[in-house]
Amino acid sequence: MNEKKNVYKKFYLFLPLIMWVVIITGSLIWNTDSVEKNINLTVKNIERSFLKEIQITRLWNAGHGGVYVKITATTKPNPYLDMPNRDLTACDGTKLTMINPAFMTRQISDLNKKINNIQYHITSLKPIRPGNRADVWETKALHQFENGKKEVFVLIRNTKSDEYRYMAPLYVKKACLKCHAKQGYQTGDIRGGISVSLPAGIFLDKIKNLKDNMIIIHGLLLLMGFALLFYVKNYHDKLLTEETEKNNELGKAIEKANQLAEKAETASKAKSAFLANMSHEIRTPMNGIIGMTELLIATELDEEQYEFTRIIGNSADALLSLINDILDYSKIEAGKIELETIDFNLRVTMDNFNDLMAVKAHEKGLEYISMIHHDVPLFLCGDPGRLRQILINLAGNAIKFTEKGEISVMVLFENEDRNQVKLKFSITDTGIGIPEKVQDKLFHSFSQADSSTTRKYGGTGLGLTISKQLCKIMGGEIGFKSEKGKGSEFWFTAVFGKQDEGKKEVLSLPENLQGKHILIVDDNKTNRNILKEQLKQWECTYDEAENGEKALNKLVNAAMDKQRPFDMAIIDMHMPGMNGAELGRKIRSNPVLDNTVLILMTSMGARGDANRFERIGFSAYLHKPVKLSLLYNCLLMSSCKKGQAPEKKNIITQYTLSENKYLNFKILLAEDNAVNQKVALMILKKAGFNVRLVENGCLAVKALETTAYDLVLMDCQMPEMDGYEATQKIRDKGSKVLDHHVPVIALTANNTKEDIENCIKAGMNDVLIKPFKPQQLLEMLHKWLPGNNFFLKNGFKQT
């Protein structure tokens, strides 16, 4: 009987191991194959674009019947162009020669080979010029063109150097007949082709690096799976052994319990050290994956490349979320979760949170709404990171379980005393709802509403458990109201300390914004209410309309009355019946509404929208949810003083509201990991920073001895001198560093409280946990760069 049990044990242990190996292996094969295909497709598109440039240049030349250029040492008369007027002498004595399309192609080819290391070659099966004779590969390609093939692309490996080659046929165009009609050419004939050769080394290295990263990540995942399975098995066996021993003798059980208590303490410390180490080792490559994916997705990709990149990004985010949940749950079980107590601004925290969740909501076609009630104090003291974690858990669930409708996030005032304030956060959705029979187990660990929900939507079931524990630590509580099929409202409360009375926000209202009469046009009532609350704070008067037809009537009637015409109209793009663009056209076609400034707000934008809406006559174009500071600056830039007509300006977008704010800052980046170097450098340079890279703390200190930098990004673990020691030398007034007070931001994959405290003790100003996204890095710089205070940047004063 025992032998049979052992067989079953082995079977249930090795079956998951085999399945895990198959899944990881399949994922690795698919991902590495996708990497190579994507890189090859990118190279093909690069070569195709170069070839199209050549074809356009040749058509231009042919359309003019050839062009005359000055004869130089590199541009001599074409011996293969037999025509009486090939060479001329200008009035000033300059000697000119005509170049035809073929000769021009060779000239461009020579320049590209010299400058870009890209080789073009015009060729045919029966060339007039010996230099145009096709090589072996080109000959095969030309025969394929005769059989109907449109293009040929290959990677050629050879002893000298690897290269990608691309070739497309040369068709006879109408412009070509000016020179070749006598040779029997007809439009549409294939008369040879042009090949493009591109060195493959850099692309093959990129493929190898990406594949190596894939292998490392999948290897770590494989090891984690093995470790978890063996951990569960060993833990189970251990419990059985302990139970048997307890039944034998009470005295031995007590003694054993004491021994186990000591072992448990040791195991707990080992477990904490293991989790911290694994967290660091996983987060370091994850920083490269997430950072590079964010940067890649912002480049020009075709639909297939965009989809592949989006899948990689979503998978990395899901994996990081899973790791964070497991670590947090482990801390909660051990009773080791502690809160930070720092000063923060609630609006900044909510804006950053809204930026993240709005993208996820809009990807599913959902309306995303967020509002802080005007009674809520903004300058608080507490742990904004844990607050953001609860909000992301609840809003993420709302988006996950909602297929249509809206997600709204509201911050409300509950009560206060002299030193503290209690706030209520409400997240409402129009999703699937929660059946009443399963609502009582919703906050239990590893549970969702039912097993089918888990299979369809995924998730560990830890998010709500962790959120409940965090709310409890923050002095609040959590709850929900829900009805199956009609959506849910999750709410939680939290207690925060108040900052000094001197720190409170006062609006600086310029003359050209006070008293503006503004029409709000949106079919969503919640959106209208939020805008009304904001405009009320800025001493603007307002009216509202729920569709385009009512809005047009109100605008025209107010203009004809001349007592109180609308200065501006804030218009939602997506409305039933007449959408925002159509309403804008009708307003601009009515002469009595010439002075009405139009601002368009949309939850779903596309490339080219700004130019399209500018042509219609909109002055600004913003994405929802719009940050309060951005909306304020947009109204300010769009408004004119009383009695003045609106000026004609380029359309205002969220980018024009914040562009060029980093150009004059110098950043020192100290990082030894090659992948993390590339991620940080690309983010910083794309934002416009002047960045210098050093590979260890010793070089960082030397750089600060010769140059005054505005901010230092300091990796904690580096060779020769780590980030802690380097920061201590920077703060040492006896060192040769020019600025001992320069802001130093720690970059670390260790996220325990002890690690963060060590960074602060070393003299660092703040900590950025890897992996980080571009927006998180820029927010950290925005916080610490000199003269970059949020309130001053966005039209507010702080008293």
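# Strands, sheets and a hidden space

Let's start with two neighbours: strand β24 (residues 711-715) and strand β25 (residues 744-748) run parallel and are joined by 4 bridges. Look along that pair and you'll find Leu713, whose bridge partner in β25 is Ile745. Keep in mind as you turn the structure around that this is a predicted model.

What packs on the sheet here? One answer is helix α19 (residues 723-731), which touches β24 and β25. The direction of α19 makes about 150° with that of β24. Another is helix α21 (residues 774-784), which touches β24, β25 and β26. The direction of α21 makes about 175° with that of β26.

Now zoom out a bit. β24 and β25 belong to an open sheet of 5 strands, with parallel pairing and the order β23-β22-β24-β25-β26. At its edges sit β23 (690-694) and β26 (766-769), each of which pairs on one side only. On average, neighbouring strands of this sheet are turned by 20° against each other, direction ignored.

There is also an open sheet of 6 strands, again with parallel pairing. Try tracing its order: β17-β16-β18-β19-β20-β21. Its edge strands are β17 (541-545) and β21 (652-653), and each of these pairs on one side only. Strand β20 (residues 620-623) pairs with β21 in the parallel sense, over 2 bridges. If you want a spot to find that pairing, look for Ala620, which stands opposite Ile652 in β21.

A helix belongs in this picture too. Helix α12 (residues 525-537) lies across β16 (517-521), β17, β18 (568-572) and β19 (597-602). Compared with β17, α12 runs at about 170°. Remember α12, as we'll meet this helix again below.

Next up is strand β14. Is it mostly covered or mostly open? Strand β14 (residues 488-498) is mostly covered, with 8 of its 11 residues buried. Three strands that pair with β14 are set out here, along with one residue pair for each.

| Strand | Residues | Sense of pairing with β14 | Bridges | One residue pair |
|---|---|---|---|---|
| β10 | 379-382 | antiparallel | 2 bridges | Leu380 and Lys498 |
| β12 | 420-429 | antiparallel | 10 bridges | Asp429 and Ser488 |
| β13 | 478-482 | antiparallel | 5 bridges | Gly479 and Trp491 |

The β13 row deserves a second look. β13 and β14 form a hairpin, with 5 residues between them. In the turn you'll find Gly485, which has a positive phi of about 85°.

Let's go looking for empty space. Rolling a probe the size of a water molecule over the atoms shows where such space is left. In this model the count comes to 3 cavities of 30 Å³ or more. The largest cavity holds about 410 Å³ of space.

Who lines this largest cavity? The lining is made up of 27 residues, and Ser370, Met371, Ile530, Gln534 and Val626 lie nearest its centre. The elements that give two or more residues to the lining are α8 (346-363), β9 (367-372), α12 and β18. Here's our helix again: α12 gives the most, with 6 residues. Sorted by class, the lining of the largest cavity has 14 nonpolar, 5 polar and 8 charged residues.

To finish, pick out a single residue: Glu367, which is found in strand β9. Why does Glu367 count as buried? Buried means under 20% relative accessible area, and Glu367 counts as buried because its relative accessibility is 16%.

So which residues does Glu367 touch? Leaving out residues up to four places away in sequence, Glu367 touches Gly405, Glu406, Ile407, Asn524, Asn527, Ser603 and Lys624. Take Glu406 from that list. Glu367 and Glu406 are 39 residues apart in sequence, yet from C-alpha to C-alpha they are 4.4 Å apart in space. Another contact to look up is Asn527, whose number falls within the residues 525-537 of helix α12.

Key. Residues numbered from 1 in each chain as written. Predicted model: local features only at pLDDT ≥ 70, side-chain atom pairs only at ≥ 80, totals over all residues. Heavy atoms only, no water. Buried < 20%, exposed > 50% of the residue type's maximum accessible area, 1.4 Å probe, protein only. Pairing = 2+ DSSP bridges. Contact = heavy atoms within 4.5 Å. Axes fitted to C-alpha atoms, helices over the stretch in contact; angles between N-to-C directions. 1 Å grid on protein atoms, 1.4 Å probe; cavity = no way out; pocket = protein on both sides within 12 Å on 5 of 7 lines; lining within 4 Å. Points joined across faces, edges and corners; volume = space filled by probe spheres on them. Nonpolar A, V, L, I, M, F, W, Y, C, P; charged D, E, K, R; others polar.
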